[in-house]
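User: I should like to go through this model before setting up any calculations. Could you take me through it step by step?

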Amino acid sequence: MKKWWLAAMLLGTLALLAACGSGAAQNGEREKVVIGYFPNIDHAPAMVARENGYYEEALGKNTDIEYITFPDGGTFMAALKAGELDAGLVGPGPVLNNFTNGADVKILAGASSGGTVVVASEKSGIRTVEDMEGKTFITPGIGCTHDVQFETYLQQLGNDQLASSRIGGSLNHVTGNPASYPSMFESGKVDLAAVPEPWASILVDQGAKVIISSDDIAYGQTLPNTVLVANGQFAEKQPELTAHLLDAHKKAVDFINENPDKAQKIAIHAIKDLTHQEMDKNIVAQAMSRVTYTTDVNEAVLKEFGTSSHELEFLKEDPSFDGLVADGE
């Protein structure tokens, strides 16, 4: 009798251990991954991956995916640091700024490069760079990727007055959501915008003038102006999910390059859902033609960009970015 009872106990214990060690999928629990991005053309890989179900396909049926959209890199990085966000697309400016301040973040891949344009409103009277003195410019955030690109360009001109008043120049700097720029141009609240696509093309369509093209602005075609990042703890504790997330991202980038017309339609639909503004298909086609979609990350350019952020006093110390880019990228 005792032998039977001991055998039953042993079998029950083994069954319990097997159940405990079999992972969330076995005991009914599900993984959850939260992905973030912006309603900008350079974030099209996230829109395509979401629309085509690439994240769901890559992460598996036992993973629930939640999507959150952001107006700027500051709020994105705050969510990532707080653990409210696992991964997503963001500009390198906020990533570098937060990394140097101790944020646990990993760049997994590039997403896009190019596409940052500086435009002036019709009311501003600005026709050349020299006309900018004393004017007001707007960017999505202070020290954001587009801000650093614009201010680095100005710094390279060697005219102390053509700089933000924050560092002794004559230009007043304000921030705001790019979707609001058309109304701000119309009201005369701002004169210039350093802006990502499709908002640059929309402003030009409404009468704004391109003052600095995406080819001429600092780091215009070499900087990955959008990168795929992950919370460092998520990347460390969930390496398999992180790898699958990267696979879905690469698939989306390939889709954009191989199916530009379909990608444009997806972007139009996604941006309308997020902003309630339906983009003209010709504007979106023009905007996406200014952007290069690639998973490549040029670490040397990232370091140069970080040095520029330091020289512009967005970073207190000359930064080191060792460990920021994940191995293999």
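**Strand E1 and its surroundings**

Analyst: This is a predicted model. In strand E1 (residues 31-37), 5 of the 7 residues are buried, so the strand is largely enclosed by the rest of the structure.

User: Which strands does E1 pair with, and in what sense?

Analyst: E1 pairs with strand E2 (residues 63-69) in the parallel sense, over 7 bridges. Isoleucine 35 has tyrosine 67 of E2 as its bridge partner. E1 also pairs in the parallel sense with strand E3 (residues 87-90), over 2 bridges. There, glycine 36 stands opposite glycine 88 in E3.

User: What is the strand order of the sheet?

Analyst: The order is E2-E1-E3-E10-E4-E11, an open sheet of 6 strands with mixed pairing. At the edges are E2 and strand E11 (292-293); each has a single partner strand, so one side of each lacks a neighbour in the sheet.

User: Where does an antiparallel pair occur?

Analyst: E3 and strand E10 (residues 226-231) form an antiparallel pair with 4 bridges. Valine 90 is matched with valine 227 of E10 as its bridge partner.

User: Which helices pack on that sheet?

Analyst: Helix H2 (residues 44-51) packs on the sheet and touches E1, E2, E3, E4 and E11. Its direction makes about 140 degrees with that of E1. Helix H4 (residues 73-81) lies across E1, E3, E4 and E10, and runs at about 160 degrees to E3.

User: Let us move on to the other sheet. How many strands form it, and in what order?

Analyst: It is an open sheet of 5 strands in the order E7-E6-E8-E5-E9, and the pairing is mixed. Strand E7 (172-175) and strand E9 (209-212) each have a single partner strand, so these edge strands are left with one side lacking a neighbour in the sheet. From one strand to the next, the twist averages 30 degrees.

User: How do E5 and E9 pair?

Analyst: Strand E5 (residues 117-120) and E9 pair in the antiparallel sense, with 3 bridges. Valine 119 has valine 210 of E9 as its bridge partner.

User: Which strands does helix H6 lie across?

Analyst: Helix H6 (residues 145-157) lies across E5, strand E6 (136-139), E7, strand E8 (192-195) and E9. It runs at about 140 degrees to E6.

User: Now for pockets. What volume does the largest pocket have, and which residues line it?

Analyst: The volume of the largest pocket is about 220 Å³. Its lining consists of Lys106, Leu108, Ala235, Pro239, Thr242, Ala243, Leu246, Gly323, Val325, Ala326 and Asp327.

User: Which elements give two or more residues to that lining?

Analyst: Strand E4 (105-113) and helix H10 (239-258) do. H10 provides the largest share, 4 residues.

User: How does the lining divide by class?

Analyst: It has 7 nonpolar, 2 polar and 2 charged residues.

User: Finally, what are the overall figures for the protein?

Analyst: The secondary structure comprises 13 helices and 11 strands. The C-alpha trace spans about 100 × 45 × 30 Å along its principal axes. Of the 329 residues, 52% count as buried.

User: What share of the contacts between residues at least 6 apart in sequence joins residues at least 24 apart?

Analyst: The share is 78%.

How values were computed: Residues numbered from 1 in each chain as written. Predicted model: local features only at pLDDT ≥ 70, side-chain atom pairs only at ≥ 80, totals over all residues. Heavy atoms only, no water. Pairing = 2+ DSSP bridges. Axes fitted to C-alpha atoms, helices over the stretch in contact; angles between N-to-C directions. Contact = heavy atoms within 4.5 Å. 1 Å grid on protein atoms, 1.4 Å probe; cavity = no way out; pocket = protein on both sides within 12 Å on 5 of 7 lines; lining within 4 Å. Points joined across faces, edges and corners; volume = space filled by probe spheres on them. Nonpolar A, V, L, I, M, F, W, Y, C, P; charged D, E, K, R; others polar. Buried < 20%, exposed > 50% of the residue type's maximum accessible area, 1.4 Å probe, protein only.
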